[in-house]
Amino acid sequence: MPPNFVIVLDPGHDVRTAGKRSPDETLLEYRFNQEVVDRVLKLFKESRYKNITVLSTKSMTDQDVPLNQRCKFSNDSKADLFISVHANAFNPVVERTDPKTGTAYRLYSNEWNHACGFEVYYRSPAGLKVAQICHQAYKEEIFQKFKIPDRGIKKTSGFYILNRTAAPAILIEFAFYTNKRECDLMKTDEFKNACVKVLEKTIIGFCRTAHSAP
């Protein structure tokens, strides 16, 4: 009999997180993240994988859940795997001049630009193995169907959420909502369902690997 697994998904950000929206404000990152996670929760609740329990660090709400509470939830749940779900943005610094005073200042520009692609981050060797499974799923479900460019697998120690979770952990950036083409795709059910398939394949691949490990 296969062992039981607990998977914790973390839909990144919330409505109060500054700047996490498309330039035209038609897409809020936290809503995209949450909808993808909710679809995965529903999928596993109705699936044949009864030995896999998938939990979420937050529900569809405007209530913020601080990062330390998200990590605590995962650790208290004794998660076997932690996945933080995100969409990406590129907001370059631009120079502006106050028309009244002539004073120059700098700010982050929330404008459409050409930054694009999928990437997955990890911190530990165990996280790297999960990132590799996820990256293969991306190639099958997102690159082949939507040609979202590959930004690769990246090691980092800069994400609080990866540093404070005990389970193997990855953080996924599915696409850029500051890229008009990718933003439009992210609004579609077809793309959201492809993201769900990436997460499903990552979870199943991890569980199979963990079950077969000596």
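Good morning. I shall begin with a pairing inside the sheet: strand 1 (residues 5–11) and strand 3 run parallel and are joined by five bridges. Within that pairing, leucine 9 has isoleucine 83 of strand 3 as its bridge partner. Please keep in mind throughout that this is a predicted model.

Let me now place that pair in its setting. The sheet is open, has six strands in the order 2-1-3-8-6-7, and its pairing is mixed. At the edges are strand 2 and strand 7, each of which pairs on one side only. From one strand to the next, the twist averages 20°.

I continue along the order from strand 3. Strand 3 (residues 81–88) pairs with strand 8 in the parallel sense, over six bridges. One residue of strand 8 deserves attention here, namely isoleucine 172, the bridge partner of valine 85. Valine 120 also stands opposite isoleucine 172 in strand 8. The pairing of strand 6 (residues 118–122) with strand 8 is antiparallel and extends over four bridges. Strand 6 in turn pairs with strand 7 (residues 150–155) in the parallel sense, over five bridges. There, phenylalanine 118 has aspartate 150 of strand 7 as its bridge partner.

How many residues of strand 8 are buried? Strand 8 spans residues 169–176, and eight of its eight residues are buried. For strand 6, five of its five residues are buried. Both faces of strand 6 are covered, with Phe118, Val120 and Tyr122 on one side, and Glu119 and Tyr121 on the other.

I turn to the helices that meet the sheet. Helix 2 packs on the sheet and touches strand 1, strand 2 and strand 3. The direction of helix 2 makes about 170° with that of strand 1. Helix 6 lies across strand 1, strand 2, strand 3 and strand 8, and runs at about 150° to strand 1.

Helix 6 also packs against other helices, and I shall take two of these contacts in order. The first partner is helix 3. Helix 3 (residues 125–146) and helix 6 (residues 189–212) have axes 8 Å apart and pack at an angle of about 150°. Because angles over 145 degrees count as roughly antiparallel, helix 3 is roughly antiparallel to helix 6. Their crossing is right-handed.

Which residues meet in this contact? On the side of helix 3 they include Val130, Ile133, Cys134, Ala137 and Tyr138, together with Glu140 and Glu141. On the side of helix 6 they include Phe191, Ala194, Cys195 and Val198, with Lys197 and Lys201 also among them. By class, the residues of the contact between helix 3 and helix 6 comprise twelve nonpolar, three polar and five charged.

The second partner is helix 1. Helix 1 (residues 29–45) packs with helix 6 at an angle of about 55°, and the two axes are 9 Å apart. Helix 1 and helix 6 are therefore oblique to each other. Helix 1 passes helix 6 in a right-handed crossing. Helix 1 contributes Phe32, Glu35, Val36, Arg39, Val40, Leu43 and Phe44 to the contact. From helix 6, the participants include Phe191, Lys192, Val196, Leu199, Glu200, Ile203 and Ile204. The residues of the contact between helix 1 and helix 6 divide into eleven nonpolar, one polar and five charged.

Finally, I wish to comment on two loop residues. Valine 65 lies in the loop between strand 2 (52–56) and helix 2 (67–76). Is valine 65 buried or exposed? Its relative accessibility is 17%, so valine 65 counts as buried. Apart from neighbours within four places in sequence, valine 65 is in contact with Thr57, Lys58 and Arg70. Valine 65 and aspartate 14 are 51 residues apart in sequence, while their C-alpha atoms are 8.0 Å apart in space.

The other residue is lysine 78, in the loop between helix 2 and strand 3. Lysine 78 counts as exposed because its relative accessibility is 67%. Lysine 78 and valine 40 are 38 residues apart in sequence and 19 Å apart in space, C-alpha to C-alpha. Valine 40 has already appeared in this talk, as one of the helix 1 residues in the contact with helix 6.

That concludes my presentation. Thank you.

Note on methods: Residues are numbered from 1 along each chain as its sequence is written. This is a predicted model: local features need pLDDT of at least 70, side-chain atom pairs count only at pLDDT 80 or more; totals for chains, interfaces and linings use all residues. Side-chain values use heavy atoms; hydrogens and water are left out. Axes are lines fitted to C-alpha atoms, for helices over the stretch in contact, and angles run from 0 to 180 degrees between N-to-C directions. Angles under 35 degrees count as roughly parallel, over 145 as roughly antiparallel, 65 to 115 as roughly perpendicular and the rest as oblique. A crossing is left-handed if the near helix is turned anticlockwise from the far one by less than a right angle, and right-handed if clockwise. Contact means heavy atoms within 4.5 Å. Ala, Val, Leu, Ile, Met, Phe, Trp, Tyr, Cys and Pro count as nonpolar, Asp, Glu, Lys and Arg as charged, and the others, Gly among them, as polar. Buried means under 20% relative accessible area, exposed over 50%, partly exposed in between (1.4 Å probe, protein chains only). Two strands pair if DSSP finds at least two bridges between them.
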